[in-house]
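This report introduces a structure to a reader who has not met it before. Please view the sequence and the model together while reading.

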Amino acid sequence: MSSTAVSAASGSDAFTADGRHKIGGVILSVQNISLSFGGVRALTNISFDVRQHEILAIIGPNGAGKSSMLNVINGFYHPQEGKVIHKGQERKRMRPFMAARAGIARTFQNIALFKGMSALDNIMTGRNTMMKSGVLAQAFYLGRARKEETEHREFCEKIIDFLEIEAVRKTPVGRLPYGLQKRVELGRALAAQPEILLLDEPMAGMNLEEKEDMCRFILDVNKEFGTTIVLIEHDMGVVMDISDRVVVLDYGRKLADGTPDEVRANQDVIDAYLGGGH
Amino acid sequence: MLYREAGQFKTSYAADQQIFPILQDRVGIAVIAAIALGVLPLVATEYLTTTILIPFLVMSIAAIGLNILTGYAGQLSLGTGGFMATGAFAAYKLSTAFPDLNIVFVFLGSGVITAFVGVLFGIPSLRIKGFYLAVATLAAQFFLLWLFNKVPWFTNYSSSGVISAPPRAIFGDIMVTGSSAHYTAKYLFLLVFVGFLALAAKNLTRCHLGRAWMAIRDMDIAAEIIGIKPLQTKLSAFAISSFYCGIAGAAWAFIYTGSVEPLAFSIEISFKVLFMVIIGGLGSILGSFLGAGFMVLLPVILTNAPHILGLNIPVDMISHLEYMIFGALIIFFLIVEPHGLARLWQIGKEKLRLWPFPY
Ligand SMILES: Nc1ncnc2c1ncn2[C@@H]1O[C@H](COP(=O)(O)OP(=O)(O)O)[C@@H](O)[C@H]1O
Ligand SMILES: [Mg+2]
């Protein structure tokens, strides 16, 4: 996939020596978020910033509230307290489809693909919001509908090439092995050309080789399109390798927030998490 | 001819996006169209046309309609009969209020009116799913039939409640509805209509609207998270599904039975169409035809086969037999092959594609 063909990033961005987009200002800021379900406190007073073009990792033990945090960001959960500021604007209570339309895409911890549809159709669905042809045009596959289908198909084929899933494009995703399903789900998120990509444990349950592939995809996406990435990951090696900054959650609270090195040196983190034999 | 994909390399995505990308499928469709258009009108007797071909085509429209809603968009409905009745009465009101309106527009108009009614009864689908939605659509079924029975305006104040479909012609003088129409004219008119409707449905289901429906069906939460609006998508499925069911109802009354009566559209027909969709294949336009064909043919075969075999089975026994066979098949398809006859057909094709070397 060439960056000129599909890049959504603006041309004025500065690049680092290794060709990445330079990390910019704050694109999304969560402030004093508290979220509970009945009596269960999932998040307590969480604040952190996400900067443009960075790869931010959220780590923490199971039940720490990581997935809940992503769900707050994309409007799926509504926190009782705190606010989310996206591109300088405080966000009112929003529905998930609004987040999608505002350039926030995500994948899920438990794969959430459309099982009855082919890999290609799943990825095409990621571009549904960009398709505007009317019912009659679609019914008779005329003019705009035909043009749209072909154009978006071409774009999705680039994603398919990029993710190396050409061989299974017509296979119903329910029949694909787990690792490939994870890739298709990433493809569907990428199809929307998001500005911010939220990845919930994209490498969970994968073997080493699959993990390496996935790391490469994530880094390439960030590098080529400047996509801001927020990812949840358990594998500390991976986290330290690919992320620019790390936010550590524990029991719904934020323990630390900084570069991988800073976080690694943080005593609270060592006590609560790294030291715990993970 | 062997059924092969090999050697048919697609040089562009546009070519791969054809409605039937495989040559043998295109040939197959052309052969079926040629038989349906060119051979059957010449050879089919009145009995065959009026008891098999016409009801098959009418029920295919209804099955496509329900398949869009249930098979593609995942919204279970038992309101099909009510929507068909709406189409039948809408067509009756339209054609009596505007006697000069072309019958094609009467049918399309009744579809559009039914689409609006369908949207109205689809609103609960935002909140309720599955079994509960089915119960809510049942309310549509009973309410609509009750309405057409009770309000004399719908029957133009006829005293009996049973009204005959007004005779209408196309191309000036070819009668296609009412009792004076020739069965072959009715059949051909309906066939062309079904052809266009099936083509439109197939196209819709492979464009972005169809993908939105399937996304909602497969996982509504994920669909919403990638930007698909649940309410709009579900209601569009109700609208288009009801459009088809409405036209099916209009065709039933105007072409098949020749009379407009609420009784024809009872809950029984709702179930029948649902069975067609399950047996034929959920989420398949081809399956809608297979299911409709099966449901129309089975009673005919059960009625005639004993005679041919020299057996003497009482009539009520035959209708019991019909229900038992349907019941068994539905259980079979629900458990073993939810994608129905269409899927069995596809598996057969896949086997053929690999034959004789399965690996
Ligand atoms: N929809 C929900 N309903 C009730 N409790 C929830 C829900 N989502 C998350 N929780 C609770 O919130 C806490 C954090 O969960 P989660 O965000 O999934 O953690 P993590 O992703 O870090 O493993 C857990 O105690 C979990 O049980
Ligand atoms: Mg989680």
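By class, the residues in the shell around ligand 1 are six nonpolar, five polar and one charged. The model discussed here is predicted.

**The surroundings of ligand 1**

The shell is formed by Phe37(A), Val40(A), Ala42(A), Pro61(A), Asn62(A), Gly63(A), Ala64(A), Gly65(A), Lys66(A), Ser67(A), Ser68(A) and Tyr77(A). Among these, Ala64(A), Gly65(A) and Lys66(A) each place a backbone N or O atom at a short listed distance from an oxygen atom of the ligand, as tabulated below.

| Residue (backbone N or O atom) | Partner | Distance |
|---|---|---|
| Ala64(A) | oxygen atom of ligand 1 | 3.2 Å |
| Gly65(A) | oxygen atom of ligand 1 | 2.9 Å |
| Lys66(A) | oxygen atom of ligand 1 | 2.8 Å |

On its own, ligand 1 has 550 Å² of accessible area, and the protein covers 64% of that area. Two elements of chain A, strand S2 (40-51) and helix H2 (66-73), give two or more residues to the shell. Which element gives the most to the shell around ligand 1? The answer is H2(A), with three residues.

**A buried position in helix H7 of chain A**

Helix H7 of chain A spans residues 178-191 and includes Val184(A). Is Val184(A) buried or exposed? Its relative accessible area is 0%, and Val184(A) is therefore buried. Leaving aside neighbours within four places in sequence, Val184(A) is in contact with Leu113(A), Ala119(A), Asn122(A), Ile123(A), Ile165(A), Val173(A) and Leu176(A). One of these partners, Leu113(A), is 71 residues away from Val184(A) in sequence, while their C-alpha atoms are 8.0 Å apart in space.

**Two loop residues with positive phi**

Most residues other than glycine have a negative phi. Gln193(A) has a phi near 45°, a positive value in a residue that is not glycine. This residue, Gln193(A), belongs to the loop between H7 and strand S7 (196-200) of chain A. Gln193(A) counts as partly exposed because its relative accessibility is 28%, a value between the limits of 20% and 50%.

Tyr251(A), likewise not a glycine, has a positive phi of about 45°. The loop that holds Tyr251(A) lies between strand S9 (245-250) and strand S10 (253-258) of chain A. With a relative accessible area of 69%, Tyr251(A) is exposed, since the class begins over 50%.

**Chain B**

An unreviewed UniProt entry lists residues 27-44, 50-69, 101-123, 130-148, 187-204, 235-255, 275-302 and 323-345 of chain B under "transmembrane region". Among these spans, residues 130-148 of chain B are 100% helix and 0% strand, and their end C-alpha atoms lie 27 Å apart. Residues 235-255 of chain B are also 100% helix and 0% strand, with end C-alpha atoms 29 Å apart.

Thr205(B) is located in helix H7 of chain B, which covers residues 183-206. Thr205(B) counts as buried because its relative accessibility is 6%, which is under the 20% limit. Which residues does Thr205(B) touch, not counting those up to four places away in sequence? They are Tyr72(B), Gly210(B), Arg211(B), Trp213(B), Met214(B) and Ile285(B).

Notes: Residues are numbered from 1 along each chain as its sequence is written. Chains are lettered from A and ligands numbered from 1 in the order in which they are written. This is a predicted model: local features need pLDDT of at least 70, side-chain atom pairs count only at pLDDT 80 or more; totals for chains, interfaces and linings use all residues. Side-chain values use heavy atoms; hydrogens and water are left out. A residue is near a molecule or strand if one of its heavy atoms lies within 4 Å of it. A polar contact is a pair of N or O atoms within 3.5 Å; within protein, one must be able to donate a hydrogen and the other to accept it, and residues adjacent in sequence count only if both atoms are side-chain atoms. Accessible areas come from the Shrake-Rupley method with a 1.4 Å probe; for residues, only the protein chains shown count as cover. Helices (H or I, at least four residues) and strands (E, at least two) are DSSP runs, numbered from the N terminus. Ala, Val, Leu, Ile, Met, Phe, Trp, Tyr, Cys and Pro count as nonpolar, Asp, Glu, Lys and Arg as charged, and the others, Gly among them, as polar. UniProt positions are given in the numbering used here, feature names are shortened, and annotations may be inferred rather than shown by experiment. Buried means under 20% relative accessible area, exposed over 50%, partly exposed in between (1.4 Å probe, protein chains only). Contact means heavy atoms within 4.5 Å.
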